[in-house]
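Work through the exercises below with the sequence and the model side by side. Try each task before reading its solution.

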Amino acid sequence: MSMISVRTRDGELHSFEGRVGASLMENIRSAGFDELLAMCGGCLSCATCHLYVEELPETASLAAPSIDESELLEGSDYRQENSRLSCQIPFDETLSGIVVRIAPEE
């Protein structure tokens with residue numbers, strides 16, 4: 001099982017089995033977390049799937065954000081060092097155990 005843990009804006013932590021091959025955003029939306037808006041559907045044009053990567057499994061690493069992702073995140077009042085757009089993170093077995101927190105709504 002490949003698990004994803006999501007901390008909602010109210011601080012509640014939820015864990016569920018992720019679907020390998022889908023983006024983190026697709027997994028989170030499919031699990032029913034409507035506060036992650038993802039208005040563009042993962043086209044890298046809106047930044048409404050902004051989240052914070054709180055914990056990565058020991059053996060996992062994420063590719064650096066692309067220039068386009070970084071530019072979208074620059075427009076956020078809530079950007080942090082661990083900010084990412086969940087549509088840009090492909091979910092695979094190495095990310096099992098990842099913990100993310102949904103960023104505040106702009």
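The exercises go from the sheet to a helix, an aromatic pair and the cysteines.

The model is predicted, so local features need pLDDT of at least 70 and side-chain atom pairs count only at pLDDT 80 or more, while totals for chains, interfaces and linings use all residues. Residues are numbered from 1 along each chain as its sequence is written, and side-chain values use heavy atoms, with hydrogens and water left out.

**Exercise 1. Work out the strand order of the sheet and its edges.**

Solution. Strands (E, at least two residues) and helices (H or I, at least four) are DSSP runs, numbered from the N terminus. Two strands pair if DSSP finds at least two bridges between them.

Step 1: E1 (residues 3-7) is joined to E2 by 5 bridges, and the two run antiparallel. Met-3 has Glu-17 of E2 as its bridge partner. The two strands make a hairpin with 5 residues between them, and Gly-11 in the turn has a positive phi of about 95°.

Step 2: E1 also pairs with E5 (residues 98-102), in the parallel sense, over 4 bridges. Here Val-6 is partnered by Val-100 of E5.

Step 3: E5 is joined to E3 by 4 bridges in an antiparallel arrangement, with Val-53 opposite Val-100.

Step 4: The result is an open sheet of 5 strands in the order E2-E1-E5-E3-E4, with mixed pairing. E2 and E4 each have a single partner strand, so one side of each is left without a neighbour in the sheet. From one strand to the next the twist averages 35° (axes are lines fitted to C-alpha atoms, for helices over the stretch in contact; angles run from 0 to 180 degrees between N-to-C directions).

**Exercise 2. Is Ser-5 buried or exposed, and what is Ser-5 in contact with?**

Solution. Buried means under 20% relative accessible area, exposed over 50%, and partly exposed in between (1.4 Å probe, protein chains only).

Step 1: Ser-5 has 11% relative accessibility and therefore counts as buried.

Step 2: With neighbours within four places in sequence left aside, the contacts (heavy atoms within 4.5 Å) of Ser-5 are Leu-13, His-14, Ser-15, Ile-98, Val-99 and Val-100.

**Exercise 3. Which residues of helix H2 are buried, and what covers them?**

Solution. Step 1: In H2 (residues 67-74), Glu-69, Ser-70 and Leu-73 are buried. Seen down the helix axis, they fall within an arc of 100°, so they line one face (the arc is that of the directions from the axis to the C-beta atoms).

Step 2: Ile-67 and Glu-74 are exposed, on the face turned away from the buried side.

Step 3: The cover over the buried residues includes E3 and E4 (83-85). H2 lies across these two strands and runs at about 115° to E4.

**Exercise 4. Which residues form the aromatic pair, and what does the pair tie together?**

Solution. Step 1: Rings of Phe, Tyr and Trp (its six-membered ring) pair if their centres lie within 6.5 Å; planes under 30 degrees apart are stacked, over 60 edge-to-face, and the rest tilted.

Step 2: A search of the whole structure gives 1 aromatic pair. Phe-16 and Phe-33 form this tilted pair, at 5.8 Å centre to centre and 35° between the planes.

Step 3: Phe-16 is in E2 (residues 13-17) and Phe-33 in the loop between H1 (24-30) and E3 (50-55), so the pair ties together parts that are 17 residues apart in sequence. Both residues are buried.

**Exercise 5. How many disulfides are found?**

Solution. Step 1: A disulfide is a pair of cysteine sulfur atoms within 2.5 Å; the search finds 0.

Step 2: For Cys-46, the closest cysteine sulfur, in Cys-40, is 3.6 Å away, too far for a bond. Cys-87 is in no disulfide either, its nearest cysteine sulfur being that of Cys-49 at 3.7 Å.
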